[in-house]
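Trainee: Could we go through this model together? I would like to begin with the strands and then move to other topics.

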Amino acid sequence: ALPIYNMTTLAETRKNCYLSKTAFFRLYSPIIINSDRIIYLDGDTLTFNDLSEMYNLNFKDNYILGFFDIISDGVDYLGIHSELYINSGVFLFNLKKVKEDNLTKKIIDSIDNETLVLRKDDQTVLNYFLYPKIGMLPLKFGSFNFEEKSDFGPYLSRIRTKIDENDLENGLNNAVIIHNVLCEPKIWYNNSNYHTGNTNCLKRGNCSCKKYHDLWHSFAKKTKFYNEILQHLEFNKNIL
C-alpha cells in the first residue's frame, strides 16, 4: 500500500514558521511523486499554452529551474550570496537528481529545524538547499504579471542575474505562463472591484490585475471545482 502523508498535521506541528499544506506538498514531492521531474504551478498562475516544451527542458545538471524573484537577497542571511534566487510559485523540479544526490532528507529535515529561520518559508528551503544548482526558466514560462515594458524597472534593478529588457518583454508578449504576484488581493477572490484597495493600481489607473483576475475566473468556471472555490472564499471572506 502507498504511504499516506498528512500535510495538515505537518503544517500544524511546524514550530519555526508558517508553512501551508501546499508548501509541504512542494517539499515532499521527491518522496511522494514517482517521476523524474515535475512542473509546479501556484494557484495564482494562468497557463495559455501547452507545457510539453517546459516539461522537457534540459536541466544541465541543475536541481531546479525557476523565475527570478525580486527578493534576490533571500538567502543572504544564511551565508549564501546567490545570483539565482528563484520564486517558488513556478518551477521545473529535477526529482531524479534530488533523489540521486540524497537531498530529500535535508529538505525535509529543515522543516523541523527550529534553528533555521525560514523568512520566505519553503522558498527559502528550495533556494538554500538546492544552491548552487539552480537555473533559469525561459522567460515565457515564468513571467510575472507586468502590465507593460515600463513596469520592468523595479524588477530588473533588483535581481542579481541581469536580464535583457527586450528579452523580458518578448517573454511577456509570448507568455505560456503568467504568475500573478504583483497585485492584491489574490487573483481567485471574486471581487467585482478587484483593485480598489491596491495603491499602485490606483496611482497608475491601468493595471494587469483586473484583466488577469477576469481571465482566471473565466478559466475556473470551466472546471468542476469553481463552486467549491467560491464556497471556500465565502467561508474565509473575513481575510479580504
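Mentor: Certainly. β3 and β4 pair in the antiparallel sense, and four bridges join them. Please keep in mind that this is a predicted model.

Trainee: Which residue stands opposite F68 in β4?

Mentor: That residue is I86.

Trainee: Which strand order does the sheet with β3 and β4 have?

Mentor: It is an open sheet of four strands in the order β1-β4-β3-β5, with mixed pairing. β1 and β5 (134-136) are the edge strands, and each of them pairs on one side only. On average, neighbouring strands of this sheet are turned by 40 degrees against each other, with direction ignored.

Trainee: And which helix packs on that sheet?

Mentor: Helix α6 does, touching β3, β4 and β5. The direction of α6 makes about 60 degrees with that of β4.

Trainee: How many bridges are there between β1 and β4?

Mentor: There are four, and β1 (residues 38-41) runs antiparallel to β4. Within that pairing, L41 has V90 of β4 as its bridge partner.

Trainee: Is β4 mostly covered or mostly open?

Mentor: Mostly covered: eight of its eight residues are buried.

Trainee: What about the loop before it? I was looking at S82 there.

Mentor: S82 sits in the loop between β3 (64-68) and β4.

Trainee: Is S82 buried or exposed?

Mentor: S82 has a relative accessible area of 3%, so it counts as buried, the limit being under 20%. Leaving aside neighbours within four places in sequence, its contacts are S72, V75, D76, Y131 and R160.

Trainee: A second case, then: why does T104 count as buried?

Mentor: T104 counts as buried because its relative accessibility is 13%, again under 20%. T104 lies in helix α5 (residues 104-111). Not counting residues up to four places away in sequence, T104 touches P30, I31, V98 and K99.

Trainee: Back to strands. Which strands form the other open sheet, the one with three strands?

Mentor: The order there is β2-β7-β6, and the pairing is mixed. β2 (45-47) and β6 (143-144) stand at the edges with a single partner strand each, so one side of each has no neighbour in the sheet.

Trainee: In which sense do β2 and β7 pair?

Mentor: In the antiparallel sense, over three bridges, with β7 covering residues 177-179. One of the bridge partners is I177 in β7, which goes with T47.

Trainee: Which helix lies across β2 and β7?

Mentor: Helix α10 (residues 208-220) does, and it runs at about 65 degrees to β2.

Trainee: Now the interior. Which residues of the largest nonpolar core touch the most other members?

Mentor: They are I64, F93, L130, Y155, I163 and L168, in a core of 43 residues. As for Y155, its contacts are F67, F68, I70, F144, F146, I163 and L168, not counting residues up to four places away in sequence. There is also a second, separate core of ten residues, with F59, V90, L92 and V176 among them.

Trainee: V90 came up earlier, did it not?

Mentor: Indeed: V90 is the bridge partner of L41, and V90 also belongs to that second core.

Trainee: Next topic: pockets. What volume does the largest pocket have?

Mentor: The volume of the largest pocket is about 820 Å³. Its lining comprises 29 residues, of which S20, R26, D42, D44 and K186 are the closest to the centre.

Trainee: Which elements give two or more residues to that lining?

Mentor: α2 (21-32), β4 (86-93) and α6 (122-129) do. The most comes from α2, with four residues.

Trainee: Finally, the whole chain. How many helices and strands does it have?

Mentor: The protein chain has eleven helices and seven strands. Of its 240 residues, 44% are buried.

Trainee: And what share of the contacts with a separation of 6 or more comes from residues 24 or more positions apart?

Mentor: Such residues account for 73% of those contacts in the protein chain.

Technical notes. Residues are numbered from 1 along each chain as its sequence is written. This is a predicted model: local features need pLDDT of at least 70, side-chain atom pairs count only at pLDDT 80 or more; totals for chains, interfaces and linings use all residues. Side-chain values use heavy atoms; hydrogens and water are left out. Two strands pair if DSSP finds at least two bridges between them. Contact means heavy atoms within 4.5 Å. Axes are lines fitted to C-alpha atoms, for helices over the stretch in contact, and angles run from 0 to 180 degrees between N-to-C directions. A nonpolar core is a set of buried Ala, Val, Leu, Ile, Met, Phe, Trp, Tyr and Cys residues joined through side-chain atoms within 4.5 Å. Buried means under 20% relative accessible area, exposed over 50%, partly exposed in between (1.4 Å probe, protein chains only). On a 1 Å grid over the protein atoms alone, a cavity is a set of points where a 1.4 Å probe fits but cannot get out, and a pocket is an open set with protein on both sides within 12 Å along at least five of seven lines; lining residues have an atom within 4 Å of a point. Grid points are joined across faces, edges and corners, and a volume is the space filled by probe spheres set on the points.
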